[in-house]
Amino acid sequence: MPVESGSSAAARQAKQKRKSHSLSIRRTNSTEQERSGLQRDMLEGQDSKLPLSLRSNLLDLFSQIEREFENLYIENLELRREIETLNDRLAAEGQTFEGADLAKGALKTKASHSTSQLSQKLKTTYKASTSKIVSSFKATTSRAVCQLVKEYVGHRDGIWDLSVTRTQPVVLGTASADHSAMLWSIETGKCLLKYMGHQGSVNSIKFHPTEQMALTASGDQTAHIWRYMVQLPTPQPVADISQTPCEDDVDFSDKDEADVEVEGPNDCPSVRVATTTLRSHQGVVIAADWLVGGKQVVTASWDRAANLYDVETSELVHSLTGHDQELTHCCTHPTQRLVVTSSRDTTFRLWDFRDPSIHSVNVFQGHTDTVTSAVFTVGDNVVSGSDDRTVKVWDLKNMRSPIATIRTDSAVNRISVSVNQKIIALPHDNRQVRLFDMSGVRLARLPRSNRQGHRRMVCCSAWCEDNTSCNLFTCGFDRQAIGWNINIPALLQEK
């Protein structure tokens, strides 16, 4: 009697299963009418606000959906049985797969192959696009040379603000959260004088345009005017530091270095009494500046107002109100009686005091977050920076829209603009400092690694136009100020 082979028996068994399934499908179709009639009878007995015709249509639609799902389910079962049959036949023939059946192995191989192809394609595309971006950046920054010249260390807390004197001798001033302001020798990095008159954080420092006087604003709700007399020490030879092209060098470590307790200068003379104390604010005085001529000063406070004072009498001349939230900065025009104030209400305001009888104000809503600073340039421009990670350049003659917009990857703090070179220095929350021209073209990024640069948020920048070894200063919450030598070729500035 002949015996069937394993493969023919498996095929006959699969054929019988398919036949039985087709009969079950027919039986299912033959009973659909009885089922739908039963369901309609049930619907008539149920309470519902829907009309009977609409309920009947819904029932027909759901019945069709149910039939489709039944068919899919039966086909799925049939395919699974066919796969099992094929696996049994392969096993009988001695072809086994370790850890997976044929279908799974084939699908896995195909998926891994397609995934690897897609991954390789994405890598190639990403590499090509980023190479273009990096090369475009290098084309504009390869000729800009930045050199870290001097570090000014001595404060016991973060430094909020810094400024350079406009008269001889040229010194650097810093304002710190340690309740003090310091004057430094730019060339030697030595502390020349320490002001100790405030009872709170010193948030701002500005120097008189013609006299040896400083204006500081503090968290103790006051602004102080104090005189200083300093003598510059003999310059020491500067260590040879190789010049570093201002390209996007990669940080060697993103980890913050441990704070180092630095003892303050013991031999630094101090001043503890202010010549003039300005008291009118009901909140933190966050910034202050001298009006042109130095006979009046303006202060900005968290009480949402800016005040204009007379220096000689210490009297309040005008209270500039209108901002909806705390002020963050104020700045005066170098040659005209103009003041710009910045606020957390996402606006900055331009106050005009050129006509004594009229004090006009213009409100500018160019940002979507806190305006951290707005400064005048020598020309008819205002540059504003914001926590919305943008810096905008405005024309005073037409302030309806910015003439240039700079987009960055981090919030921007107190910016400054070089008078001679017309370069904007942007200090960031992410410890970086970037340089742009007035048209919004990026010129450089100051070097920052685990060996040099700021280790915390960079709070402020200030340019020095005198012939000193440093022409840009930055300060941050890492308790230090840094002096930089920035060399931007004339050809690059013209662009």
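This is a short tour of a predicted model, moving from one selection to the next.

**Stop 1: helix α3 and its nonpolar patch**

Start by selecting helix α3, residues 52–92, and pick out L72 within it. L72 is exposed, with a relative accessible area of 52%. Now add L50, L54, L58, L61, F62, I65 and F69 to the selection: together with L72, these residues make a nonpolar surface patch of about 780 Å².

**Stop 2: strands β7, β8 and β11**

Next, show strand β8, residues 223–227. How many of its 5 residues are buried? The count is 4, so this strand is mostly covered. Bring in strand β7, residues 213–218, which runs antiparallel to β8 and is joined to it by 5 bridges. One place to look is T216, whose bridge partner in β8 is H224. The hairpin of β7 and β8 has 4 residues between the strands, and there Q221 takes a positive phi near 70°.

Strand β11, residues 276–278, also pairs with β8, in the antiparallel sense and over 3 bridges. Here A223 stands opposite L278 in β11.

**Stop 3: salt bridges**

The model holds 8 salt bridges, and three of them make good selections. Stay with β8 and choose R227, which forms a salt bridge with E211; their closest N and O atoms are 3.3 Å apart. Because E211 sits in the loop between β6 (202–207) and β7 while R227 lies in strand β8, the pair ties together parts that are 16 residues apart in sequence. R227 is partly exposed at 46% relative accessibility, and E211 is also partly exposed, at 34%.

Move on to E326 and R344, a salt bridge with its closest N and O atoms 3.6 Å apart. E326 is in the loop between β15 (316–321) and β16 (327–332), and R344 is in the loop between β17 (338–343) and β18 (348–352), so this pair links parts 18 residues apart in sequence. E326 is partly exposed, with a relative accessible area of 23%.

Then select R434 and D409, whose closest N and O atoms are 3.2 Å apart in their salt bridge. R434 lies in strand β26 and D409 in the loop between β23 (404–407) and β24, so the pair ties together parts that are 25 residues apart in sequence. Is R434 buried or exposed? At 9% relative accessibility, R434 counts as buried, whereas D409 is partly exposed at 42%. For a network, select D161, K206 and R414, which are joined by salt bridges that share partners.

**Stop 4: the sheet around β26**

R434 has already brought you to β26. Display the open sheet of 4 strands in the order β24-β25-β26-β27, with antiparallel pairing. Its edge strands, β24 (416–417) and β27 (442–445), each pair on one side only. Strand β26, residues 433–437, is joined to β27 by 3 bridges; look for F436 opposite R442 in β27.

**Stop 5: H367**

Now centre on H367, in the loop between β19 (360–364) and β20 (371–376). H367 is buried, with a relative accessible area of 6%. Its side chain makes a polar contact of 2.8 Å with that of S384 and another of 3.2 Å with that of D388. Beyond its sequence neighbours, H367 also touches other residues, including T346, T390 and K392.

**Stop 6: C460**

Finish at C460 in strand β28, residues 458–463. C460 is buried, at 3% relative accessible area. Among its contacts farther off in sequence are W160, D161, R414, F473 and C475. L426 is 34 residues away along the chain, with 8.2 Å between its C-alpha atom and that of C460.

Conventions. Residues numbered from 1 in each chain as written. Predicted model: local features only at pLDDT ≥ 70, side-chain atom pairs only at ≥ 80, totals over all residues. Heavy atoms only, no water. Helix = DSSP H or I, 4+ residues; strand = E, 2+ residues; numbered from the N terminus. Buried < 20%, exposed > 50% of the residue type's maximum accessible area, 1.4 Å probe, protein only. Polar contact = N/O pair within 3.5 Å; in protein donor to acceptor, adjacent residues only side chain to side chain. Contact = heavy atoms within 4.5 Å. Patch = residues over 30% accessible without salt bridge, like charges linked within 9 Å, V, L, I, M, F, W, Y side chains within 5 Å. Areas by Shrake-Rupley, 256 points an atom, 1.4 Å probe, with all protein chains shown as cover. Salt bridge = Lys/Arg side-chain N within 4 Å of Asp/Glu carboxyl O. Pairing = 2+ DSSP bridges. Lists of a residue's contacts leave out its neighbours within four places in sequence.
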